[in-house]
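Please look through the following model with its sequence at hand, and follow the account below from helix packing to salt bridges and then to a single aromatic side chain.

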Amino acid sequence: MRILLLCSSFNGLTQRAWLELRRAGHDVSVELALSEQVMIEAAELAKPDLVICPFLKEKVPARLWQSQRTIIIHPGPPGDRGPSSLDWAIADDEPEWGVTALQAVEEMDAGPIWGYRMFPMPAEPPRKSALYNGPVADAAVELVLEVAARAADPGFVPVPLDYRRPEVVGRLRPAMRHADREISWSEPTQAVLRRVRAADGTPGGRARLCGLDVRVFDVYPGPVPAGEPGAVPVPGTVAGRREGAVLVHTGDGTVWVGHLRLDEPGAVKLPATAVLGDLVADAGEVAGYSEITYDRSDSVGVVSFDFYNGAMSTEQCRRLAAALRYAAAQDTRVLVVRGGEVFSNGIHLNVIESARHPEMEAWMNINAINQVCREVIWCTGQLVVTSVGGNAGAGGVMMGLGGDRVIVRAGVVLNPHYRTMGLFGSEFWTYVLPRRVGEEQAVRLTREALPIGAVDAVESGLADKVVAGTRPEFERAVLEYAEKLAADPGYERLLAAKRAGREADERRKPLDGYRVEELAEMSRDMFDDRCGFREAREAFVLKRKAEATPEHLAVHRELSVSRAGASHM
């Protein structure tokens, strides 16, 4: 079928839908819903059999849904309506939630139902972004494929919305107001966690901290302070700091706050200590919070890192490189490099944009992440397994490719390119990417700047294995794989072959040669701004709305349209 995806942005869910529909054999084009006119013109140009909206904030024009079957993927169970569905699901501690495919009609979210999926909510309040990119995205992609199949069935009739039906468990809910997101530090820790996570990653919980009006993100429960006899901690005061986060007293304990944004126009989300600055300069370093951990068994070591939204600042890269050096020096046989909810998206654009000298900060950041990649590539005393349980982009993909085995979770989307950010790229990509997929494919992937799914990544050689399941299930499977690899009778032969290959590659062209060549290009991008890095970075950090569908997507739309035209000749 010819399918048009209309979306507010080409986000992770839309990318997954695009990938899965294409893999199923459909001819898929993408258009950003920048205005009613743009949406109508896109449909007239694409002449689709079906319009699907995986992520759409805007209302579908009547002229479009009256002339084209247009299906909305709504992040709520049947009957749920309104723009704050996931926010309310988390805030109200719903035990079960769902995703519904419904046909666009005049009234928002009230059209006939094409299908739905239900799933249990996590016991602990999830971050809204984690809920969206996890179970919601998994259910949504299943529904998108189901909708495409049903659209091809002339006998299928969608079910009208009827609140008397037992499966229609949702209701119309209002948009969340500012007051619904207000945090009182005197509340119990669990209440603070739930309120913040219902608004994370956007717009964040609202609070006052150290005399500043802030938006709060990235929170974790802290310890219950023992305190001195007779001393009662004041809720909302900072008890300590660690690795960019601050520990804040609540009504019955403490909560770690990883990120903040000043509640004012143009402010940027940053590590909490960067926002609070001198206001927490005297706060002591306290244990109990770490973005990076190391665990080991007799034969397998695991370096785990979980950076908020996958962004890695200069300081975070330095800490991760040190952890990898330590892990590589241990007497384990296999090292697992395990990312978090998002594996990695490379350098930290928010920290760069907020720096006094952004170009210099970008330069330090790229050099620091290069050191991380170097530690992975040069770990020749162990076999390295990269555990990619979340999406990855740009330098984050290349960092993972330094491992000897790359295992990805089903549903993960990789974006192995830099062009959309106006950068040539580094992280030794000119070495690790061609080593995996060949020169021709490496050029195509970086030039086309399109996402690639987990199964396609394995088929192309970008990854070695796909494992299905939840993140905990995936991580257990990777650990079992690493244990078997460590116990393999041929382990010494594998390790010797790895060392010989690395030494041969080094003789052919030293790793530093790749680094120097890449950084020569990056210096022109970062300091001379030859490809628009400054504008692209500002647009990303400040969340500026796109003015047109990105060029690399528009090219594929035009190819799709030309094929559609040919099929009608």
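Which residues in α10 meet which residues in α17? In this predicted model, Glu359, Met360, Ala362, Trp363, Ile366, Asn367, Asn370, Arg374 and Ile377 are the contributors from α10, and they meet Leu511, Asp512, Arg515, Leu519, Met522, Ser523, Met526 and Phe527 in α17. The residues of this contact divide into 10 nonpolar, 3 polar and 4 charged. As for the geometry behind the list, α10 spans residues 358–377 and α17 spans residues 511–527, and their axes come within 11 Å of each other while crossing at roughly 160°. Because angles over 145 degrees count as roughly antiparallel, α10 is described as roughly antiparallel to α17. The handedness of the crossing of α10 and α17 is right-handed.

A second helix pair can be read in the same manner. Helix α1 packs with α5 at an angle of about 35°, the two axes lying 9 Å apart, and α1 passes α5 in a right-handed crossing. On the α1 side the contact is made by Leu13, Arg16, Ala17, Glu20 and Leu21, whereas α5 brings Tyr132, Ala137, Asp138, Ala140, Val141, Val144, Leu145 and Ala148. Sorted by character, the residues of the contact of α1 with α5 comprise 10 nonpolar, no polar and 3 charged.

We now turn to charged side chains, for the structure holds 48 salt bridges. One of them joins Glu107 to Arg81, with the closest N and O atoms 2.8 Å apart. Glu107 lies in the loop between β5 (96–103) and β6 (113–120), and Arg81 in the loop between β4 (70–74) and α4 (85–91), so the pair ties together parts that are 26 residues apart in sequence. The surroundings of the two partners can also be compared: Glu107 is partly exposed, with a relative accessible area of 48%, while Arg81, at 12% relative accessibility, counts as buried, because buried means under 20%.

Another salt bridge brings together the side chains of Asp200 and Arg127, at 3.7 Å from N to O. This pair links distant parts of the chain, since Asp200 sits in the loop between α6 (189–197) and β7 (205–209) and Arg127 in the loop between β6 and α5 (128–151), 73 residues apart. Both Asp200 and Arg127 are buried. For the salt bridge between the side chains of Glu187 and Arg195, the N to O distance is 3.7 Å; here Glu187 counts as partly exposed at 21% relative accessibility, and Arg195 is likewise partly exposed, with a relative accessible area of 27%. Salt bridges can also be joined into a network, as they are for Arg242, Glu243, Glu291, Glu315 and Arg319.

The last stop is Phe10, which is found in the loop between β1 (2–7) and α1 (12–23). Is Phe10 buried or exposed? With a relative accessible area of 16%, Phe10 is buried. Leaving aside residues up to four places away in sequence, Phe10 touches Gln15, Trp18, Val30, Leu32, Pro451 and Leu553. Thr237 offers a reference point for position, as Phe10 and Thr237 are 227 residues apart in sequence and 40 Å apart in space, C-alpha to C-alpha.

Key: Residues are numbered from 1 along each chain as its sequence is written. This is a predicted model: local features need pLDDT of at least 70, side-chain atom pairs count only at pLDDT 80 or more; totals for chains, interfaces and linings use all residues. Side-chain values use heavy atoms; hydrogens and water are left out. Axes are lines fitted to C-alpha atoms, for helices over the stretch in contact, and angles run from 0 to 180 degrees between N-to-C directions. Helices (H or I, at least four residues) and strands (E, at least two) are DSSP runs, numbered from the N terminus. Angles under 35 degrees count as roughly parallel, over 145 as roughly antiparallel, 65 to 115 as roughly perpendicular and the rest as oblique. A crossing is left-handed if the near helix is turned anticlockwise from the far one by less than a right angle, and right-handed if clockwise. Contact means heavy atoms within 4.5 Å. Ala, Val, Leu, Ile, Met, Phe, Trp, Tyr, Cys and Pro count as nonpolar, Asp, Glu, Lys and Arg as charged, and the others, Gly among them, as polar. A salt bridge is a side-chain nitrogen of Lys or Arg within 4 Å of a carboxyl oxygen of Asp or Glu. Buried means under 20% relative accessible area, exposed over 50%, partly exposed in between (1.4 Å probe, protein chains only).
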